[in-house]
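User: Could you take a close look at how the strands of this structure pair up, and then at what packs around them? I'd enjoy a connected walk-through rather than a list.

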Amino acid sequence: MSFRGIIKQCIRGVARGLAMTFAGRQVYEQLLEAGMGINVLVRHGGVDMVFASPNTLTQYRSTSFSSKEPDTLTWLETIPEDAVLWDIGANVGLYSIYAARKVNACVFAFEPSVFNLEILARNIFLNGMQGRITIVPVALSDLLGPSFFRMSSTAWGGALSTFCQDFDQHGGKLNSIFEYQTMGMTMDEAMRLLNIPAPRFIKIDVDGIEHFILRGGAEALIGVESVMVEIDDGFTEQAEETARHLRNAGLTLLRKCGGDAGRQYNQWGVRGSA
């Protein structure tokens with residue numbers, strides 16, 4: 001067992017011991033509350049933000065905010081004031097919050113992970129963006145109805161999950177360690193059934209099923225001016241189908257931006273909108 005594994009086992013043993021008495025449970029609850037109260041202050045583009053960072057992964061997301069996806073941040077800064085942005089795969093909401101704070105966008109943050117939703121809600125509240133960001137806790141796909149949401153991590157801020165499929169962001173087998181059934185719907189059904197306004201801008205980062213989501217968005221894409229979508233060109237089915245749906249919507253591939261883990265962000269838009 002690794003040193004980290006030994007530490008984890010020791011902490012679990014202490015936690016179980018504390019939970020056996022009333023006084024121990026009080027200590028345990030105070031520790032949990034203190035951990036959830038750890039925040040990281042971030043300043044970017046003249047905007048001050050604060051992000052809940054109760055674990056290593058959320059702290060990494062906070063501290064690498066300016067460097068992890070600089071092209072995404074630049075793209076968000078081009079969104080006009082009050083424009084509707086759909087952040088599909090919002091995770092814990094860092095980019096939703098930046099769009100709402102920086103350009104006063106009207107954001108709909110789609111995130112089905114029960115573990116990320118708590119941090120997403122906390123981040124929205126910490127930054128006073130309750131009036132600009134709406135959480136939509138459903139999975140988008142190409143169907144309406146329940147299916148399995150499979151996750152490779154249960155950590156706050158975790159990614160690499162999929163809905164109604166069993167592959168990862170590269171098209172390989174997802175290493176699922178946790179799953180549950182939840183509701184899914186298409187982009188078009190989100191507008192019709194949930195009365196969500198049509199997007200002018202869309203950011204999609206869902207680790208592999210981007211093409212399934214776009215498959216169910218013919219109506220939603222009609223008035224879209226720009227899309228930032230993460231793609232693995234080596235995942236041919238995903239890359240080709242994504243491009244086909246966006247071209248059918250009248251959009252043009254404007255540029256390919258830096259990404260990570262073999263993936264890149266593709267910016268699509270109306271010619272001249274870059």
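Analyst: Happy to! A good place to begin is V40, which stands opposite F51 of strand β2. Please keep in mind that this is a predicted model. The pair belongs to an antiparallel arrangement in which strand β1 (residues 39-44) is joined to β2 by 6 bridges. Together β1 and β2 make a hairpin with 2 residues between them, and G45 in that turn has a positive phi of about 60 degrees. How enclosed is β2? Of the 6 residues in β2 (residues 47-52), 5 are buried, so this strand is largely enclosed by the rest of the structure.

Now to the open sheet. It has 7 strands with mixed pairing, in the order β5-β4-β3-β10-β11-β13-β12. At its edges stand β5 (133-136) and β12 (252-257); each has a single partner strand, so one side of each is left without a neighbour in the sheet. On average, neighbouring strands here are turned by 20 degrees against each other, direction ignored. As a general reminder, strands of a sheet pair through backbone hydrogen bonds, either parallel or antiparallel. One antiparallel example is β11 (residues 226-231) with β13 (residues 264-269), joined by 6 bridges. Within that pairing, E230 has Y265 of β13 as its bridge partner.

Next come two helices that lie across the sheet. Helix α7 lies across β4 (106-110) and β5, and runs at about 170 degrees to β5. Helix α8 lies across β3 (84-88), β4, β5 and β10 (201-204), at about 120 degrees to β3.

One residue from each helix is worth zooming in on. N116 lies in α7 (residues 114-126). Is N116 buried or exposed? Its relative accessibility is 1%, under the 20% cut-off, so N116 counts as buried. Leaving aside residues up to four places away in sequence, N116 touches N91, V92, E111, A155, W156, G157 and G158. The C-alpha atom of N116 is also separated by 9.1 Å from that of A159, although the two residues are 43 apart along the chain.

L193, found in α8 (residues 187-194), gives the opposite picture. With 55% relative accessibility, over the 50% cut-off, L193 counts as exposed. L193 also takes part in a nonpolar surface patch of about 380 Å², made together with L144, M183 and L194. So, of these two helix residues, N116 counts as buried and L193 as exposed.

Key:
Residues numbered from 1 in each chain as written. Predicted model: local features only at pLDDT ≥ 70, side-chain atom pairs only at ≥ 80, totals over all residues. Heavy atoms only, no water. Buried < 20%, exposed > 50% of the residue type's maximum accessible area, 1.4 Å probe, protein only. Helix = DSSP H or I, 4+ residues; strand = E, 2+ residues; numbered from the N terminus. Pairing = 2+ DSSP bridges. Patch = residues over 30% accessible without salt bridge, like charges linked within 9 Å, V, L, I, M, F, W, Y side chains within 5 Å. Areas by Shrake-Rupley, 256 points an atom, 1.4 Å probe, with all protein chains shown as cover. Salt bridge = Lys/Arg side-chain N within 4 Å of Asp/Glu carboxyl O. Contact = heavy atoms within 4.5 Å. Axes fitted to C-alpha atoms, helices over the stretch in contact; angles between N-to-C directions.
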